[in-house]
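Please open the model in your viewer and keep the selection tool at hand. The tour moves from one selection to the next and says what is found at each stop.

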Amino acid sequence: MTAATAPLLDVRDLRVRFDTPHGEVLAVDGVSWVLSAGETLGIIGESGSGKSVGVEAIMGLIKSPPGHVSGEILFEGRDILTISERQRRALRGEELAMVFQDAMSALNPSLTVGSQVSEVYRLRRHCSQQDARNKAVELMDRVRIPSARTRLNNYPHEFSGGMCQRVMIATALALEPRILIADEPTTALDVTVQRQIMALLSDLQREMGMALVLITHDLGVVAEAVDRAMVMYAGTIVEAGNVEVLFDNPSHPYTQGLLQSMPRIDARGDRLYAIGGAPPAAGRLPPGCAFHPRCERRVAECASVRPVLLPISDIQRSACHLTGTGNAK
Ligand code: SF4
């Protein structure tokens, strides 16, 4: 791949494991994916699938010990797992920024919103308090917080959940990152506000030309907002591809189950489908395909042979023996 076509972010064989009193737990197990400049990628999965831990590793937020991160995370071709902590900190905010799910608790309740939005900018750009306040107003305007200049002096408890999420987004955008990672950014919000926050993220992405990584368990959000998506289960990617293809023609039984369990407006009165069983506990993965105890389509080899993620077309990859693309590690 030439430099001109190299992805902005290239994650290769990423593994994240944790030491626990009960032994080692592998939370992310050899995940590889790429992100191009300006692209939107959705990462879908249930709690415990490894989707959040994986991006925390990219952000350098996994504390070692007990966490251990291996593989390669290439940002513009440079492996950020091999750079110093100082260089890593510089990258955070300037190039990669993250918005977390519970904005209310992510904000400091004892500091005004204005001081929190302006802090990163003031510290990194070494500017005056006044310039930092002006920047905070600009950022709060950008995320459409009404009467931004007046509201600088408010505290987080004076904001609604949706407005707190806008404050978090403004803070993340202070240094104009190239990649914004949003981890369940709408989970704690009601449906109307969810839509507003998603529309805001899409607009900001377009205006600023950022790449957006959207982590969610909400398939509706993914369908509307992303170009490509990958589905994670038990620390691995089980299916990935162009979002239309994943929704119209899912290949993996887990993706199919997730889609079937989405509420549909035209299915009134029908019982909503649910995938049977529960995801395996971290550290207690079954042999073979980790989904096999829940899979309605399993075949004999599923219990002993682990499927690998392989292309089934130019725009879709799947890790399932039924797709006949390949076999175990
Ligand atoms: Fe189901 Fe087997 Fe495919 Fe796993 S490999 S998803 S158990 S059919």
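Which residue is the bridge partner of Asp19 in S2? Selecting Asp19 in this predicted model and looking across to S2 brings you to Glu24, which is its bridge partner there.

**The sheet**

Now widen the selection to strand S1, residues 9-20, and strand S2, residues 23-35, which pair in the antiparallel sense over 10 bridges. The connection between S1 and S2 is a hairpin, and two residues make up the link. For another pair of facing residues, pick Val16, which stands opposite Val28 in S2.

Next, add strand S4, residues 67-75, which pairs with S1 in the antiparallel sense over eight bridges. Two residues are useful for seeing how S4 is aligned: Arg17 stands opposite His68 in S4, while Arg15 stands opposite Ser70 in S4.

With S5 added as well, the selection shows an open sheet of four strands, which run in the order S2-S1-S4-S5 with antiparallel pairing. S2 and strand S5 (78-79) stand at the edges and have a single partner strand each, so one side of each is left without a neighbour in the sheet.

**Helix H5 and helix H7**

Leave the sheet and select helix H5, residues 129-142, where you will find Leu139. Leu139 counts as buried because its relative accessibility is 2%, and the cut-off for buried is under 20%. If you also select Ser118, which is 21 residues away from Leu139 in sequence, the C-alpha atoms of the two turn out to be 8.8 Å apart in space.

Then move on to helix H7, residues 161-172, which has 12 residues and should therefore span 16 Å at 1.5 Å a residue; the C-alpha atoms at its ends are 17 Å apart, which agrees. H7 is mostly covered, since 11 of its 12 residues are buried. Among the buried residues of H7 that you can pick out are Gly162, Cys164, Arg166 and Ala172.

**A loop with a proline**

For the next stop, select Pro307, whose place is in the loop between helix H11 (253-260) and strand S11 (310-313). Although Pro307 lies in a loop, it is buried, because its relative accessible area is 10% and buried means under 20%. Add Met232 to the selection, and you will see that its C-alpha atom is separated by 14 Å from that of Pro307, the two residues being 75 residues apart along the chain.

**The ligand**

Finally, select the ligand, which sits in the largest cavity, and show the residues around it. How many residues surround the ligand, and which are the closest? There are 13 of them, and the closest are Cys289, Cys295, Cys302, Cys320 and His321. Colouring this shell by residue type divides it into eight nonpolar, three polar and two charged residues.

How values were computed:
Residues numbered from 1 in each chain as written. Predicted model: local features only at pLDDT ≥ 70, side-chain atom pairs only at ≥ 80, totals over all residues. Heavy atoms only, no water. Near = heavy atom within 4 Å. 1 Å grid on protein atoms, 1.4 Å probe; cavity = no way out; pocket = protein on both sides within 12 Å on 5 of 7 lines; lining within 4 Å. Sits in = over half its atoms within 2 Å of the grid points. Nonpolar A, V, L, I, M, F, W, Y, C, P; charged D, E, K, R; others polar. Pairing = 2+ DSSP bridges. Expected span 1.5 Å × (residues − 1). Buried < 20%, exposed > 50% of the residue type's maximum accessible area, 1.4 Å probe, protein only.
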